[in-house]
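Reader: I am in my first year, and I would like a careful look at the salt bridges of this model. Please explain which side chains pair up, where each partner lies, and what surrounds them.

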Amino acid sequence: MAPEERNPKLLSPLTLAFVGDGVYELLVRKKIVEEGNMPPKKLNARKVKMVRASTQAAVYDGLEPVLEEDEREILKRGRNAHTGSVPKHAEMADYRKATGVEALFGFLYLKGDWERLYFLFDMAMRIFRERVEQE
């Protein structure tokens with residue numbers, strides 16, 4: 001086993017974000033389905049609202065104060081990583097923060113810290129409801 005497989009801290013923040021993007025979206029999809037049955041178009045619209053860069057930027061701001069030192073380091077490494085491009089419907093600052101959130105979730109997933117992963121995801125959903133959904 002390669003050292004980075006034992007210690008996800010050794011992976012690049014963009015690699016962590018690559019994994020975290022999938023983890024975060026899967027958790028969001030699960031959360032939406034738990035909210036109740038709805039047509040696929042509504043499922044997708046809800047998912048898009050919850051995973052877009054501006055929403056994840058709000059999550060970044062809400063989570064940062066409660067993170068452990070190593071988690072905050074990963075969050076900031078993800079935010080500061082040079083991604084090369086930004087989706088056309090996202091602001092650069094939001095996209096960078098979103099990359100930080102995804103790096104954090106990728107880190108926790110690869111670390112196998114399920115309790116912390118689910119705790120922070122629950123916080124992310126509270127932040128979404130309080131800061132984003134009210135808009």
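Author: In this predicted model, arginine 116 counts as buried because its relative accessibility is 15%, and the limit for that word is under 20%. One residue to compare with arginine 116 in position is leucine 67: the two are 49 residues apart along the chain, while their C-alpha atoms are separated by 10.0 Å. Leucine 67 sits in the loop between helix 4, which covers residues 53-63, and helix 5, and with a relative accessibility of 6% leucine 67 is counted as buried.

The charged partner of arginine 116 is glutamate 71, and their side chains meet in a salt bridge with a distance of 2.8 Å from N to O. This pair links distant parts of the chain, since glutamate 71 belongs to helix 5 (residues 69-80) and arginine 116 to helix 7, with their positions 45 residues apart in the sequence. Glutamate 71 has a relative accessibility of 2%, so glutamate 71 is counted as buried.

Some salt bridges share partners, and in this way Glu25, Arg29 and Lys47 are joined into one network. Which two members of this network give a bridge that links helix 2 and helix 3? The bridge is formed by lysine 47 and glutamate 25, whose closest N and O atoms are 3.6 Å apart, a distance that fits the requirement of being within 4 Å. Lysine 47 lies in helix 3 (residues 40-51) and glutamate 25 in helix 2 (residues 13-35), and the two are 22 residues apart, so the bridge connects distant parts of the chain. Lysine 47 and glutamate 25 are both buried.

The remaining member of the network, arginine 29, is found in helix 2. Arginine 29 is described as partly exposed because its relative accessible area is 43%, a value that falls between the limits of 20% and 50%. The C-alpha atoms of arginine 29 and leucine 43 lie 8.1 Å apart, although 14 residues separate the two along the sequence.

A further salt bridge joins glutamate 35 and arginine 46, with 3.1 Å between the closest N and O atoms. Because glutamate 35 is in helix 2 and arginine 46 is in helix 3, the pair ties together parts that are eleven residues apart in sequence. The two ends of this bridge fall into separate classes of accessibility: glutamate 35 is partly exposed, with a relative accessible area of 41%, whereas arginine 46 is buried, with a relative accessible area of 19%. The bridges described here are among the eight that the structure holds.

Helix 2 also contains leucine 14, a residue that is partly exposed because its relative accessible area is 35%. Leucine 14 and histidine 82 are 68 residues apart in sequence, yet 8.4 Å separates them from C-alpha to C-alpha.

To complete the setting of arginine 116, we can return to helix 7 and ask at what angle the axes of helix 6 and helix 7 cross. The crossing is roughly 150°, and the axes come within 8 Å of each other. An angle over 145 degrees counts as roughly antiparallel, and helix 6 and helix 7 are therefore described as roughly antiparallel to each other. The crossing in which helix 6 passes helix 7 is left-handed.

This pair of helices also carries a nonpolar patch on the surface: helix 6 (92-111) and helix 7 (114-132) each supply at least two of its residues. The patch is made by Tyr109, Leu110, Trp114 and Tyr118, and has an area of about 400 Å². Tyrosine 109 lies in helix 6 and is counted as partly exposed because its relative accessibility is 38%. Alanine 98 is also located in helix 6, but alanine 98 is buried, with a relative accessible area of 4%. Between alanine 98 and tryptophan 114 there are 20 Å from C-alpha to C-alpha, and in sequence the two are 16 residues apart.

Note on methods: Residues are numbered from 1 along each chain as its sequence is written. This is a predicted model: local features need pLDDT of at least 70, side-chain atom pairs count only at pLDDT 80 or more; totals for chains, interfaces and linings use all residues. Side-chain values use heavy atoms; hydrogens and water are left out. Patches are made of residues with over 30% relative accessible area and no salt bridge: like charges are joined within 9 Å, nonpolar side chains (Val, Leu, Ile, Met, Phe, Trp, Tyr) within 5 Å. Accessible areas come from the Shrake-Rupley method with a 1.4 Å probe; for residues, only the protein chains shown count as cover. Helices (H or I, at least four residues) and strands (E, at least two) are DSSP runs, numbered from the N terminus. Buried means under 20% relative accessible area, exposed over 50%, partly exposed in between (1.4 Å probe, protein chains only). Axes are lines fitted to C-alpha atoms, for helices over the stretch in contact, and angles run from 0 to 180 degrees between N-to-C directions. Angles under 35 degrees count as roughly parallel, over 145 as roughly antiparallel, 65 to 115 as roughly perpendicular and the rest as oblique. A crossing is left-handed if the near helix is turned anticlockwise from the far one by less than a right angle, and right-handed if clockwise.
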